[in-house]
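Biologist: Please take a close look at one part of this model: the salt bridges. Which charged side chains pair, and how buried or exposed are they?

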Amino acid sequence: MSAGLGLKSVLVVDDHDLIRLGICRMLTEVDGITVTAQASSGEEAIEKVREVQPDIIFMDIRMPGIGGLEATHRILSHYPDTKVIVVSAFNDDVHPVALLKAGASAYITKNANSTEVKIALEKVLSGGVYISPELAQMMAMNGIKPASDNSPLGCLSQRELQIAALITSGNRAKDVAETLNISPKTINTYKYRIYEKLGVTNDVELTLAAVKYGLVDPSEVI
């Protein structure tokens, strides 16, 4: 780490123990960084932030409950100075855009090595934004803009992306409403707005679009 950045506390969030512990172990090799808490869901991450108020969060995207996208949005709405580094298995340009729009400072994949993690930390602690080279290249190929020419999902808002991801992962409107703490009627309003934007007419077509454009992992579609 660069001199002058001071000691920084970190919260590591991932629902897989091995990945979470692996990130923690990797961070022990970084001078000036101390892991002060861990969490295995978006909801738990929010609670931990309230308790320890970390400087940096390593955040997974797809977890039980509200997931990393919504957790990032909620955390940064109350703790805007917190730096969120997203660590995901996704290799598309949809999630980086959505997370960066939500306020994340960096986006790296789970195959990142310790050198890249250090680079990401240096960048965000210096006030910059970091995206792993493979993701940056993919975004560049698609025009480096939120509404990618190849992805109609780019026209969706952060909330619409969150709801679309939950619906296409097999959750009913009632379940999505409980997860996001809003009414089922509001969920249905969002859902039909998503249908209109994407040119689909039902949840099956929405799921096919979500898989095609990388919003959900095909192996997790129910």
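Modeller: Start with a cut-off. A residue is called buried when its relative accessible area is under 20%, exposed when it is over 50%, and partly exposed in between. Keep in mind that this is a predicted model.

By that cut-off, Glu-70 is buried because its relative accessibility is 2%. Its partner is Arg-74: the two form a salt bridge, with the closest N and O atoms 2.8 Å apart. Both residues sit in helix α3 (residues 67-78). They are 4 residues apart, about one turn of the helix. Arg-74 has a relative accessible area of 25%, so it counts as partly exposed. In this pair, then, the acid is buried, and the base is partly exposed.

Turn to helix α1 (residues 17-27), which holds both Arg-20 and Asp-17. These two also form a salt bridge, and their closest N and O atoms lie 2.9 Å apart. The spacing is 3 residues, again about one helical turn. Here the base is the buried one: Arg-20 has a relative accessible area of 11%. Asp-17 is partly exposed, at 46%.

Helix α2 (residues 42-52) carries another such pair, Arg-50 and Glu-47. Their side chains meet in a salt bridge at 2.6 Å, N to O. Being 3 residues apart in the helix, they are separated by about one turn. Glu-47 is partly exposed, with a relative accessible area of 39%.

Why can such pairs form at all? Side chains of opposite charge can pair when their charged atoms come close.

Some charged residues join up in a network. Asp-14, Asp-60 and Lys-110 are linked by salt bridges in this way. Over the whole structure, the search finds 10 salt bridges.

One more acid deserves a look. Glu-160 lies in helix α7 (residues 158-168). It is buried, because its relative accessible area is 2%. The side chain of Glu-160 makes a polar contact with the side chain of Lys-197, at 2.9 Å. What else does Glu-160 touch, leaving aside its neighbours within four places in sequence? Besides Lys-197, the contacts are Cys-155, Tyr-190, Arg-193 and Ile-194.

Now the setting. The protein chain has 222 residues, and 47% of them count as buried. Its secondary structure comes to 10 helices and 6 strands. Take the contacts between residues at least 6 apart in sequence: 65% of them join residues at least 24 apart. The accessible surface is about 10,600 Å², and carbon and sulfur atoms account for 52% of that.

Last, confidence. The mean pLDDT of the chain is 81, and 80% of its residues reach 70 or more. Strand β3 (residues 56-59) has the highest confidence, at a mean of 96. Helix α6 (residues 133-141) has the lowest, at 61. Over residues 143-149 the pLDDT is below 50. Beyond near neighbours in sequence, that stretch has 7 contacts in the model.

Technical notes:
Residues are numbered from 1 along each chain as its sequence is written. Side-chain values use heavy atoms; hydrogens and water are left out. pLDDT is the predictor's confidence in each residue, from 0 to 100. Helices (H or I, at least four residues) and strands (E, at least two) are DSSP runs, numbered from the N terminus. Contact means heavy atoms within 4.5 Å. A salt bridge is a side-chain nitrogen of Lys or Arg within 4 Å of a carboxyl oxygen of Asp or Glu. Buried means under 20% relative accessible area, exposed over 50%, partly exposed in between (1.4 Å probe, protein chains only). Accessible areas come from the Shrake-Rupley method with a 1.4 Å probe; for residues, only the protein chains shown count as cover. A polar contact is a pair of N or O atoms within 3.5 Å; within protein, one must be able to donate a hydrogen and the other to accept it, and residues adjacent in sequence count only if both atoms are side-chain atoms.
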